[in-house]
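User: Please take a close look at a single part of this model. I would like one connected account, in short sentences.

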Amino acid sequence: MNTMKWLIKRELWENKGMLFWAPVVMACVLLAIALAALIAGHNMQYDGNHIGMVVIAGKPLEAFGAGAAKVYLAAGMPVLMMLGFLVFFYCLGALHDERRDRSLLFWKSLPVSDAMTVLSKAATALVVAPLIVFGIIIVLSLLMLALTCIGLMVHGTNAFGAVLSQADFYVSPLRLVGLLPVYLLCALPTVGWLLLVSSWARSKVFLWAVGVPLAIGLLILWSQRALGLDIDGTWFLSTITTRALLGVVPGAWFLFEKIARAGILASAEHVDGGSIFSASWAALGSVSLWVGAAAGVAMIAASTWLRRWREEN
Amino acid sequence: MSAIIRASNLSKRYGKQLALDQTSFEIQPGRIVGLIGPNGSGKTTTLKAMLGLTRFDGELSVLGLDPRTQRDALMNEVCFIADVAILPRWLKVKNAIDFVAGVHPRFDRAKAERYLANTKLTPNMKVKAMSKGMVVQLHLALVMAIDAKLLVLDEPTLGLDIIYRKQFYQNLLEDYFDADKTILITTHQIEEVEHILTDLLFIENGKITLSASMDEVGERFTEVMVGPEYVGAASALQPMAQRTVFGKSVMLFDGADRTQLARFGDTRTPSVADLFVATMKGSYA
């Protein structure tokens, strides 16, 4: 366990810029834009007159509070989407960089097994990176919500009480973190595939990673159309290729799993944190999700084997 | 005492190239062994096989473990520096120490810090900002602070200046080495290690051509500075090598009687470098 702690620290030392600073910078940019909008909005003019006080009170204020408490984490959506890219490129480099810079032999001279090392990289991609991003999203969203409330206050409405009195305000961050198991299972096939390519390809990891599943899909599609073979190319592209490449995108389960999609469509009228959360967990009822996760585990095992036995010349 | 490394009939092929050809040898504990051979002789492959970094045919036991199947257990007891010491560019000195201290049960942090105090390295320095020699210094400081039963050094001092090289070997001998440890060194700078070696292993074309302790080498091999009048008589005894120094013939004999040779001129034990060149001559002729 102690070794695992140090291995994950090692990953963070190496990839701090990518896994921590990139989302932080993104969050700061979003915050700056919001701040600029707020300041600009404060001086809003209409027909040459200052817009003065807007006082909301009673039922509408309660409704505002309830709504804001449900959806305020949406402010972090761009950062959440970034997570997909971060995990994708982290995995591509994870087992390739140490071979490329030839530090592999240094790591192998220490009493750390290949299984432990590969596991630490998978855990960084599947658990540590999402948790870092979730944390940043929560802080960003809280700041954004505070900014909004301050903005309203400047215009004469104190919405803090209306927001803070909502249970959803406190539950929303927990719901976000509670999506981690769904994200992990959905991202497993992609993380497994990328780690496998990372431990196998001599160079041009990105091309191999994207090219192979895409080319196989297109080839099947072509032989289906041109040769009239009884195989389904669209099925391969939409099921295998997408899961191998897009599983790391948060929310990909809505794309892959019918059950989750149905859940979100059922609540189309009022999509909020709660309905997203329950529809996401519904994806676990889908067999394909588990098959994909098992394939991911198998590919991680294969990359471990490759790291153990692969020889560079 | 039983051997710490026991290899019999090791074979390894890279495509058509035979890197190890039925290689067999033993290494006893508490020795400092020089594994010496020309480029492409199988040195690195031998070391890789011992460290579980390559597959091979034959029997090999290191500290009683099979490096192919028990590598994880083996790495607790063995430490090595691969031929070109490469640490990742992003690694900071303090990170390196923290990490090794975190994962290695036999790492002595104070010792590593003491070695580093003798260098220009500072805790926040990154590998990418270091000179080649400094990277090696960091790597050696880490390795020397690990109390391993077997230390494998493949060209450990490449890129170091002469002052630090001498200091390193001195530290290795005085501070690191003891009767429970075994050190296996390969290097091209034979002159620098020959005084610390206790055993020699010569390897050529994937085969061990000489396996002897330095004492045995002293008994077996004699170098004679032959006076001009004795050249004919000395040549009749079939020296394994002959060279000329300042117009005098220097002949190297294997297994000849030293008192008999003393008649021809001054005798001495050959240097490892001369012995190596003489032994390897066949493969270059």
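Analyst: A domain here means a stretch whose bounds come from an automatic or database domain assignment. The model is a predicted one. Start with chain B.

The assignment gives chain B a domain 1, covering 5–205, and a domain 2, covering 216–284. Taken over C-alpha atoms, the centres of domain 1 of chain B and domain 2 of chain B are separated by 34 Å. In the contact between them, domain 1 of chain B takes part with 9 residues and domain 2 of chain B with 8 residues.

Now the domain 1 side of that contact. Helix H7 (190–193) and strand E8 (199–204) of chain B each supply at least two of its residues. E8(B) gives the most, with 3 residues. By residue type, this side of domain 1 of chain B divides into 5 nonpolar, 1 polar and 3 charged.

E8(B) also leads into a sheet. That sheet of chain B is open and has 6 strands, in the order E5-E6-E7-E3-E8-E9. E8(B) therefore sits between E3(B) and E9(B) in this order. The pairing is mixed. The edges are strand E5 (78–81) and strand E9 (207–213) of chain B, each pairing on one side only. From one strand to the next, the twist averages 15°.

Next, one pair within the sheet. Strand E3 (residues 32–36) and strand E7 (residues 182–186) of chain B pair in the parallel sense, over 3 bridges. Ile32(B) has Ile183(B) in E7(B) as its bridge partner.

A helix lies across this sheet. Helix H1 (residues 43–50) of chain B lies across E3, strand E6 (150–154), E7 and E8 of chain B. H1(B) runs at about 150° to E6(B). E8(B) thus comes up twice: H1(B) lies across it, and E8(B) gives the most residues to the domain 1 side of the domain contact.

One residue of chain A rounds off the account. Ser172(A) is found in helix H8 (residues 167–178) of chain A. Ser172(A) counts as buried because 24 C-beta neighbours lie inside 10 Å; the cut-off for buried is 20 or more. Leaving aside residues up to four places away in sequence, Ser172(A) touches Ala69(A), Tyr72(A), Leu73(A) and Gly273(A). Asp272(A) is 100 residues from Ser172(A) along the chain, with 9.7 Å between their C-alpha atoms.

How values were computed
Residues numbered from 1 in each chain as written. Chains lettered and ligands numbered in written order. Predicted model: local features only at pLDDT ≥ 70, side-chain atom pairs only at ≥ 80, totals over all residues. Contact = placed C-beta atoms within 7 Å. Helix = DSSP H or I, 4+ residues; strand = E, 2+ residues; numbered from the N terminus. Nonpolar A, V, L, I, M, F, W, Y, C, P; charged D, E, K, R; others polar. Buried ≥ 20, exposed ≤ 12 C-beta atoms within 10 Å, placed from the backbone. Pairing = 2+ DSSP bridges. Axes fitted to C-alpha atoms, helices over the stretch in contact; angles between N-to-C directions.
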